[in-house]
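I set aside this session to look up ring contacts, empty space, helix spans and backbone angles in one chain. The entries are in the order in which I made them.

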Amino acid sequence: MAAPKQRRSTSLRDHSTESEKMEGSGGWDDPLDWFKLEEPHPVSRSVSRHANYKCLLEAEQVMVEGRGVVLVNTDEAGTLLVTNFRLIFMSEGTEDIVTLGTIPLATIEKFNKMVVKNQSAPRQPDKTTSRRLLQVIGKDMRIVVFGFRPKTKQRRVVFDALLRCTKPSSLWDLYAFTCGPSKFRNANPKVRLLNEYFRLLGKGSMCASMDMIEHGSYTLSNELWRISTVNCNYSMCQSYPFALIVPKSISDEEVLQASTFRARCRLPVVSWCHPGTGAVLARSSQPLVGLMMNMRNNTDEKLVAALCSQLGGARGRRKLYIADARPRKNALANGAMGGGSESSSNYFQSEVVFFGIDNIHAMRESLSRLRDYLDTHGTTSSDGMSSFLRHGGWTWGGGNLSSMSASVSTLGDTGWLIHVQSVLAGSAWIAARVALESASVLVHCSDGWDRTTQLVSLANLLLDPYYRTFTGFQALVEKDWLAFGHPFADRVGMPTVSGNGNMPFELSRQSSGSFSSSTMRQSSGSFTSQTPSSSHAQNNYSPIFLQWVDCVSQLLRMYPFAFEFSSAFLVDLLDAVLSCRFGNFFCNSEKERQQVGVSEACACMWAYLTDLRSLEGRSHLHYNLFYDPHKHDGPLLPPAAALAPTLWPKFHLRWACPSEAQAGELEAQCRNMSMKFFELQKAKEVAERKAKEMAISMESLSAELSNEKQISSSAAALAKRASKENAAIKRAIQSFGCKVHFARSGDTTVDVESNTRETPQKLMYSSSRSKSDGNLRHDEKSDLSVSITVAAEDAPNNSISRLCETLCPLRTTDGGCRWPEAGCAQLGSQFVGLKANFDAFDRLSIYDGYFETE
């Protein structure tokens with residue numbers, strides 16, 4: 001039997017199509033371990049069965065499980081899980097997650113069922129086999145296809161589970177609310193916005209707080225600008241933040257009047273101000289000039305004029321540029337609906353410039369074409385083997401497609417790189433006007449929350465080095481994208497506060513969940529959708545934020561020393577936004593997020609990314625190894641020739657060509673060196689810590705040794721003193737005619753010999769059992785014994801008398817004896833032993849026979 005891999009590697013383009021009525025017929029001869037799911041309601045299955053999966057996140061629950069599913073892109077069999085957060089594909093046997101086949105549910109843009117009819121064998125023309133496929137298209141540039149065996153209900157069960165889980169009935173059904181904040185808690189973003197405002201006004205020493213917001217005491221100002229509370233309850237503009245920076249010369253009443261002349265009341269406000277020249281970067285929506293372009297508003301003109309009234313280095317008024325992000329024809333067409341663009345004659349010393357950036361629908365279709373193009377030419381093509389690179393073809397070369405002349409035109413037809421270049425060029429032009437001419441620039445498009453946000457935030461990134469750090473980049477995104485009301489719920493495709501809103505799932509999947517098969521290149525006739533497709537033009541989904549991050553990656557490529565973060569950080573940022581795992585980018589405005597209580601109920605993406613970096617320090621992938629804050633401490637002003645974008649390998653090619661998406665050779669070597677340096681640094685810190693501990697131990701041992709030396713010296717002195725005392729005692733006793741012997745037996749022995757007694761008397765004194773009266777000192781570390789022998793026969797009689805007269809405590813002053821019957825009067829030599837046991841003598845009665853002779 002042929003290997004299964006060879007059978008599955010047959011190109012799907014060579015197959016004919018078949019309708020859904022083939023479900024349950026045909027067969028597949030591959031010897032795979034299929035798991036047939038017959039339960040009518042798989043969601044009701046006990047979750048405890050799947051509790052042993054180590055890949056599940058906190059509060060993640062398995063809804064459907066299918067075994068023996070094939071990932072067509074890589075020709076790999078495994079297990080497919082549908083959870084309340086992800087679609088997980090695990091390799092067969094090892095249960096290792098296959099990243100290509102694992103995608104968050106919120107990241108899925110489209111999915112549909114397909115049936116592929118295999119060509120019959122030459123000898124069996126009547127026998128045909130069919131393959132049940134499920135195509136999943138992601139917002140992150142991936143297209144994956146799963147194969148299911150016929151005569152099972154696995155595909156239907158998985159498809160129905162995707163319909164339920166990817167189209168939640170309300171915002172609170174998302175995984176982020178189920179999981180809760182966990183350890184990645186989110187501080188109130190209003191506080192961070194005020195802190196950024198304080199920095200822009202030169203009041204960085206001030207620190208915002210919730211008490212300040214509740215009492216409205218955040219209305220700080222400098223010479224030119226002030227923070228207004230006119231929109232504190234979102235009554236003026238629901239898509240603007242609660243606090244706005246406006247000219248100091250404009251009152252709140254005038255701000256309210258000016259808001260009526262702008263679309264959705266999004267009046268001109270300050271986004272960034274130059275700390276030295278006073279030039280500002282402002283944003284708004286289109287003016288409501290009408291079809292004839294003759295409507296005017298004096299308060300709006302006064303507000304716009306106040307943006308450039310401050311004198312620059314020279315005399316005269318500062319010039320004002322009004323940058324309209326739309327093509328000129330689109331701006332004129334908006335006049336029919338009451339909108340339009342400004343007239344330079346109505347705004348003093350101003351100039352109107354059109355950037356010609358297309359709308360959200362053009363961006364959506366462009367990204368879709370780019371995704372199809374990459375899937376066609378990638379090594380992991382979703383159709384099995386039609387890719388140019390599947391079997392060792394050309395390489396991408398990091399976006400250099402000169403060797404693929406036939407493909408270059410196709411890539412150009414997608415239009416994505418052209419759109420990216422338009423946004424880059426517009427932002428660079430704005431930054432140059434502010435930095436070089438000290439001019440103020442007012443940017444707007446139609447509603448002022450898509451193209452305007454792209455241009456303003458990218459110009460901020462070019463002008464202010466602070467925004468090129470981790471902390472500053474977070475402040476930039478929260479200010480210009482979140483606070484100023486970019487409709488993330490509509491553009492990313494999330495449920496809104498009122499329900500599903502304009503989710504692409506609701507509008508395009510309808511009841512069947514089927515989509516257009518254009519991504520599978522229908523010209524080949526390989527695939528057939530199950531229901532008519534729905535057009536994206538009916539919804540507001542558009543990759544606006546993704547396109548802006550792509551522009552940031554292009555700047556990072558042009559200025560590798562200017563950014564603290566790396567391209568990997570931008571990829572993880574996009575994945576976190578598209579996955580809806582965190583609540584930072586929910587809803588369409590700051591007001592809606594406050595109503596829902598997102599910051600309290602959901603985890604914070606910024607805390608999550610910070611926690612990732614803290615695990616490895618500066619060697620983490622999010623850090624840019626080449627970052628030098630002193631090399632680019634001013635504005636970045638790229639020349640026009642440098643604004644030639646290329647494919648972003650880490651994002652665009654990571655699914656189609658994983659090998660090409662890896663870091664370049666130089667960056668990989670530098671990162672490896674950095675990791676080794678980090679490891680050596682950690683080893684150095686450990687060695688220094690051990691050396692410090694050893695030094696402390698040495699100091700302690702030295703102190704103990706010094707104490708021991710002092711004790712030894714003291715003992716030696718005591719021993720020397722005791723030796724001198726012993727010598728003195730010996731000489732004193734010998735002067736009485738006694739023989740003295742010193743030994744180290746632990747006892748003191750006194751032997752007395754006399755002519756009158758043939759048997760010598762021997763008295764023992766133990767220094768360990770008694771205390772001396774001070775005449776003979778004994779060192780506690782020395783077992784010194786004294787043996788005294790008195791030879792009475794050699795000593796004259798007067799020697800005993802002198803001894804008795806000298807040492808006896810019972811002698812009277814007149815020379816008499818108080819104890820004449822004592823044995824010492826007869827045996828004088830025994831009196832010497834009495835001196836060694838003087839304590840016992842004190843305890844005796846004078847009538848005791850202690851000295852009685854035999």
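The notes below go through this predicted model topic by topic.

**Aromatic pairs**

I began with the rings. A pair of aromatic rings is described by the distance of the centres and the angle of the planes. I found 30 aromatic pairs in the structure. I looked up Tyr240 and Phe484: the ring centres are 5.3 Å apart and the planes stand at 85 degrees, so I logged the pair as edge-to-face. Tyr240 is in the loop between strand S9 (225–228) and strand S10 (244–247), while Phe484 is in the loop between helix H13 (470–483) and helix H14 (488–493); the pair therefore ties together parts that are 244 residues apart in sequence. I checked burial for both, and Tyr240 and Phe484 are each buried.

Next I took Phe470 and Tyr623. This aromatic pair is also edge-to-face, at 5.1 Å between centres and 75 degrees between planes. Phe470 belongs to helix H13 and Tyr623 to the loop between helix H20 (605–616) and helix H21 (649–652), so to speak of distant parts of the chain is fair: the two are 153 residues apart. Phe470 and Tyr623 are both buried.

I then asked which residues join Phe470 and Tyr623 in one aromatic cluster. The list adds Phe473, Trp481, Phe488, Phe545, Trp548, Phe563, Phe565, Phe569, Phe585 and Trp606.

**Charges over rings**

I looked for arginines placed over ring faces. Arg142 has its charged end over the ring of Trp655, 3.9 Å from the ring centre. Arg199 lies over the face of Tyr467, and here the distance to the ring centre is 5.2 Å.

**Cavities**

Rolling a probe the size of a water molecule over the atoms shows where empty space is left. I searched the whole structure and got 8 cavities of 30 Å³ or more. The largest cavity has a volume of about 90 Å³. I counted 13 residues in its lining, and those nearest the centre are Val492, Ser542, Pro543, Leu546 and Leu578. Two or more lining residues come from each of H14, helix H16 (544–558) and helix H17 (567–579). By type, the lining of the largest cavity has 10 nonpolar residues, 2 polar and 1 charged.

**The largest pocket**

I turned to open space. The largest pocket holds about 1,200 Å³. Its lining has 40 residues, and Val571, Asp572, Asp575, Arg654 and Trp655 are the closest to the centre. H17, H20, helix H22 (658–661) and helix H23 (665–734) each give two or more residues to this lining. I noted that H17 gives the most, with 7 residues. The pocket lining divides into 18 nonpolar, 11 polar and 11 charged residues.

Trp655 appears twice in my notes: its ring has the charged end of Arg142 over it, and Trp655 is among the residues closest to the centre of the largest pocket.

**Helix spans**

I checked two helices against the expected rise. H16 has 15 residues, which at 1.5 Å a residue should span 21 Å; I found its end C-alpha atoms 22 Å apart, which agrees. Of the 15 residues of H16, 14 are buried, so H16 is largely enclosed by the rest of the structure.

Helix H11 (residues 416–437) has 22 residues and should span 32 Å at 1.5 Å a residue; the distance between its end C-alpha atoms is 31 Å, which agrees. I also looked at what follows H11: Ser438 has a positive phi, near 55 degrees.

**Positive phi elsewhere**

Most residues other than glycine have a negative phi, and most peptide bonds are trans. I noted two further residues with a positive phi. Arg264 has phi near 55 degrees and lies in the loop between helix H6 (252–259) and strand S11 (269–273). Met293 is not a glycine either, and its phi is positive at about 55 degrees. I placed Met293 in the loop between strand S12 (280–283) and helix H7 (298–306). Its relative accessible area is 27%, so Met293 is partly exposed.

**Lys54**

My last entry asks whether Lys54 is buried or exposed. Its relative accessibility is 83%, so Lys54 counts as exposed. Lys54 sits in the loop between strand S1 (16–17) and strand S2 (62–71). I also took its distance to Asp96: 9.6 Å from C-alpha to C-alpha, with their positions 42 residues apart in sequence.

Key: Residues numbered from 1 in each chain as written. Predicted model: local features only at pLDDT ≥ 70, side-chain atom pairs only at ≥ 80, totals over all residues. Heavy atoms only, no water. Phe/Tyr/Trp six-rings, centres within 6.5 Å; stacked < 30°, edge-to-face > 60°. Helix = DSSP H or I, 4+ residues; strand = E, 2+ residues; numbered from the N terminus. Buried < 20%, exposed > 50% of the residue type's maximum accessible area, 1.4 Å probe, protein only. Lys NZ or Arg CZ within 6 Å of the ring centre and 35° of its normal. 1 Å grid on protein atoms, 1.4 Å probe; cavity = no way out; pocket = protein on both sides within 12 Å on 5 of 7 lines; lining within 4 Å. Points joined across faces, edges and corners; volume = space filled by probe spheres on them. Nonpolar A, V, L, I, M, F, W, Y, C, P; charged D, E, K, R; others polar. Expected span 1.5 Å × (residues − 1).
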